[in-house]
There are 2 protein chains.
Amino acid sequence: MQLTRFTDLGLRVLMYLARVERADPVTNQEIADQFQVPHNHVIKVVNKLGKLGWVSTQRGRNGGLRLGVAPQALRIGKVLRELEGQAPLVNCHEPPCVLRAGCLAKSALDAGLAAFYAKMDEYTLADVSAQRTGAQLLTLHRKFVSARG
Amino acid sequence: MQLTRFTDLGLRVLMYLARVERADPVTNQEIADQFQVPHNHVIKVVNKLGKLGWVSTQRGRNGGLRLGVAPQALRIGKVLRELEGQAPLVNCHEPPCVLRAGCLAKSALDAGLAAFYAKMDEYTLADVSAQRTGAQLLTLHRKFVSARG
């Protein structure tokens with residue numbers, strides 16, 4: 001049981017933008033370099049985050065990615081729910097499971113998933129981008145900016 | 001976010017064995033046919049369930065798979081934990097994430113996973129093999145036995 005790489009990267013993008021200085025614009029390439037993921041993967045994730053209203057892209061010389069929401073207002077459960085896309089924990093349809101009509105295991109798993117999201121909703125983007133995690137993000141960004149010259 | 005196919009099948013095997021009549025032995029082939037999965041996949045899963053002491057295999061003419069534990073004593077959280085193998089929800093190591101030392105997102109996700117398992121521990125194998133799910137399991141088994149002649 002693992003979050004998709006799409007969700008994982010989406011969360012990291014949000015954390016990165018939540019913490020870095022607003023003065024230095026962040027590009028897709030910076031995200032790709034920092035997390036060692038393909039550039040087109042970042043583009044897809046940022047596109048989705050844009051549609052959700054959580055990230056905006058500004059064009060031009062000082063353009064880049066900006067957070068479109070206050071980090072303390074964005075709950076992590078909501079982030080994960082949107083990025084995972086309400087997929088159930090088991091695939092009852094490929095191949096079609098003989099128990100899928102009214103399966104009690106499926107209902108129990110749905111309840112488990114709801115408990116997971118409820119717990120994740122106790123955390124905001126600000127919470128998970130704070131303290132030493134936040135300090136690390138800031139150091140990473142500053143190194144990138146200074147290497148870029 | 002999805003359970004592995006290994007875990008999914010493991011849960012189904014346990015449910016099947018929890019509900020079918022003890023008089024008719026269940027074979028790996030019956031499980032493979034009912035859930036439309038490869039026979040060698042069933043063997044691997046049953047082997048793991050055997051190591052956990054939850055399923056025993058009896059040889060001979062009336063041999064087959066038997067549940068090695070009382071369904072009301074086996075908690076689903078425990079089943080999932082054992083079959084999933086304590087894998088975290090995100091892969092911080094491939095590629096190595098720059099935030100992995102003391103990441104607050106990772107800690108939050110671990111708490112979410114613990115909440116999921118705690119919720120799943122509210123259900124026993126008997127719970128998820130009861131009612132209409134149990135009736136379906138029984139019907140499936142009887143059809144299989146009668147088709148076999």
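Let's start on helix α5 of chain A, where the side chains of D110(A) and K106(A) meet in a salt bridge, 2.9 Å from N to O. A salt bridge here is a side-chain nitrogen of Lys or Arg within 4 Å of a carboxyl oxygen of Asp or Glu. Before going on, a word on the ground rules: this is a predicted model, where local features need pLDDT of at least 70, side-chain atom pairs count only at pLDDT 80 or more, and totals for chains, interfaces and linings use all residues. Residues are numbered from 1 along each chain as its sequence is written, chains are lettered from A and ligands numbered from 1 in the order in which they are written, and side-chain values use heavy atoms, with hydrogens and water left out.

Back to that pair. D110(A) and K106(A) both sit in α5 of chain A, four residues apart, or about one turn of the helix. Helices are DSSP runs of H or I with at least four residues, strands are runs of E with at least two, and both are numbered from the N terminus. D110(A) is partly exposed at 33% relative accessible area, and K106(A) is partly exposed too, at 23%. For these labels, buried means under 20% relative accessible area, exposed means over 50%, and partly exposed is in between (1.4 Å probe, protein chains only).

Chain B has a salt bridge between D110(B) and K106(B), again with 2.9 Å from N to O. These two are four residues apart in helix α5 (residues 104–120) of chain B, so about one helical turn separates them.

Over all chains, the structure holds 10 salt bridges. One that reaches further along the sequence joins R81(A) to D121(A), whose closest N and O atoms are 2.7 Å apart. R81(A) lies in helix α4 of chain A and D121(A) in the loop between α5 and α6, so the pair ties together parts that are 40 residues apart in sequence. R81(A) counts as partly exposed, at 26% relative accessibility.

Now for the place where the chains meet. How many salt bridges cross the interface of chain A and chain B? The rule finds zero. There are, however, 12 residue pairs in polar contact between the two chains, both residues at pLDDT 80 or more. A polar contact is a pair of N or O atoms within 3.5 Å; within protein, one must be able to donate a hydrogen and the other to accept it, and residues adjacent in sequence count only if both atoms are side-chain atoms. On chain A's side, α5(A) gives the most, with 11 residues.

The contact (heavy atoms within 4.5 Å) takes 49 residues from chain A and 50 residues from chain B. About 4,500 Å² is buried between them, 65% of it from carbon and sulfur atoms; buried area is the accessible area (1.4 Å probe) that two parts lose on being put together, summed over both. M1(A), L99(A) and L104(A) supply 18% of the area that chain A buries against chain B, more than any other three residues.

Finally, the nonpolar core, a set of buried Ala, Val, Leu, Ile, Met, Phe, Trp, Tyr and Cys residues joined through side-chain atoms within 4.5 Å. In the largest one, with 92 residues, F116(A) and F116(B) touch the most other members. Leaving out residues up to four places away in sequence, F116(A) touches L80(A) along with M1(B), L89(B), L109(B), G112(B), L113(B) and F116(B).
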